[in-house]
Amino acid sequence: DLELHLQRCQQLSVTVLTDHQDLSNTELKTIRNSTAPQQYRIRAKLRTYKPQKLHQSVKLHCSKCNSLQEVPDRDDFDFVLHGSASTAPNPELHSTSWYESVTWTAQEQKQREIAIHFVKHDEMLQHPEDTLIMIEGGTRKEIWKLTKKFKCVIPVRSTEDDLELLDLSAPFLLKGNVKYYGCKQCSTPKPMKNLSSIAAEQQPSWEPAEVAQVLGIELLQYVFIMKFTLVDETGSLNAYLFDY
């Protein structure tokens, strides 16, 4: 447990970084006055680390524009889904040559309409574990139930001409227990009919990166980031951890 380990490190009088055993210890003041890149071995105390809660270390990174953003929470997802549910599924977009549609009405006060579009392969429905589905009007809980049965789930809404992705504040695709997001700045979302090119492949894999590419989405990657402040008698130094 990294968080517990860091707490223990703070309690110790000195933390020794044991890499570069062939190097002698270098004072932090000297490192601060040097030009990068260099290799050093230091002997220092861990004064602080951020963030304090480990889950806050996970961010979303765009490799194209190099931006970092917070992972949206469930309330953000609920808000986008609620907004999209106000637009009823367009029956003219149901059951095309490359997907089959099923609709029903949720027994609620507002009579919420739900549509699920099952993408076909060679004009046939595949086994659920191999199938990508698109859902209109679903709640977050309903979508999570579907991810347990089907390979990939994409929340969509109807326009006059085609199905389209929701606001990129929501995940554009869910696979298993992982939510995949697109960069708002670098993405140019395309209509869902572009997925038909993958459905026509000999063995559609429905890998998120391939789906993102045909839909004009710049895929965000989950990254782990922490900041450590190290001190010795000559000064302090901030060390950053950044990893996929």
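The side chains of D232 and T234 are joined by a polar contact of 2.7 Å. I begin with this pair, in what is a predicted model. D232 belongs to strand β12. Which side chain of opposite charge is nearest to D232? It is R47, and R47 is 8.8 Å away. A salt bridge requires the nitrogen and the oxygen to be within 4 Å, and D232, although buried, has no salt bridge. Beyond its neighbours within four places in sequence, D232 is in contact with E27, L28 and R43.

Let us stay with β12 for a moment. This strand covers residues 221-232 and runs antiparallel to β13, residues 235-243, with nine bridges between them. The connection from β12 to β13 is a hairpin of two residues. Within this pairing, K227 stands opposite Y240 of β13.

Before β12 comes a loop that starts from α6, and E218 is found in that loop. Is E218 buried or exposed? Neither word fits exactly: E218 has 23% relative accessibility, and therefore counts as partly exposed. Setting aside residues up to four places away in sequence, E218 touches C62, S63, K64, Y181, G182, C183, C186 and S187. As for distance along the chain, E218 and Q203 are 15 residues apart, and their C-alpha atoms are separated by 24 Å.

I turn now to a second buried acid, E136, which is placed in strand β7. E136 also lacks a salt bridge, and R157, the nearest side chain of opposite charge, is 8.5 Å away. The side chain of E136 does make a polar contact of 2.5 Å with that of S158. Among the residues that E136 touches are P89, N90, H94, H117 and L163.

R157 does have a partner of its own. Its side chain meets that of E164 in a salt bridge, with 2.9 Å from N to O. Both residues are partly exposed: R157 has 25% relative accessibility, and E164 has 29%.

The next topic is helix α4, residues 140-147. Which residues of this helix are buried? They are R140, I143, L146 and T147. These four lie on the same side of α4, because they cover an arc of only 120° around the axis. For those new to helices, an α-helix has 3.6 residues a turn, so residues three or four places apart point the same way. On the other side of α4, K141 and K145 are exposed. The buried residues pack against helix α3 and against strands β6, β7, β8 and β10.

The helix also takes part in a salt bridge. The side chains of E142 and R112 meet at 2.9 Å, N to O. E142 is in α4 while R112 is in the loop between β5 and β6, so the pair ties together parts that are 30 residues apart in sequence. R112 is buried, at 11% relative accessible area, whereas E142 is partly exposed, at 26%.

How many salt bridges does a search of the whole structure find? The search finds six. One more that I wish to show is between D167 and K184, where the closest N and O atoms are 3.8 Å apart. D167 lies in the loop between β9 and β10, and K184 in the loop between β11 and α5, so this pair ties together parts that are 17 residues apart in sequence. D167 counts as partly exposed at 37% relative accessibility, and K184 counts as exposed at 52%.

Definitions and conventions:
Residues numbered from 1 in each chain as written. Predicted model: local features only at pLDDT ≥ 70, side-chain atom pairs only at ≥ 80, totals over all residues. Heavy atoms only, no water. Buried < 20%, exposed > 50% of the residue type's maximum accessible area, 1.4 Å probe, protein only. Arc of directions from axis to C-beta. Contact = heavy atoms within 4.5 Å. Lys, Arg positive; Asp, Glu negative; His and termini not counted. Polar contact = N/O pair within 3.5 Å; in protein donor to acceptor, adjacent residues only side chain to side chain. Pairing = 2+ DSSP bridges.
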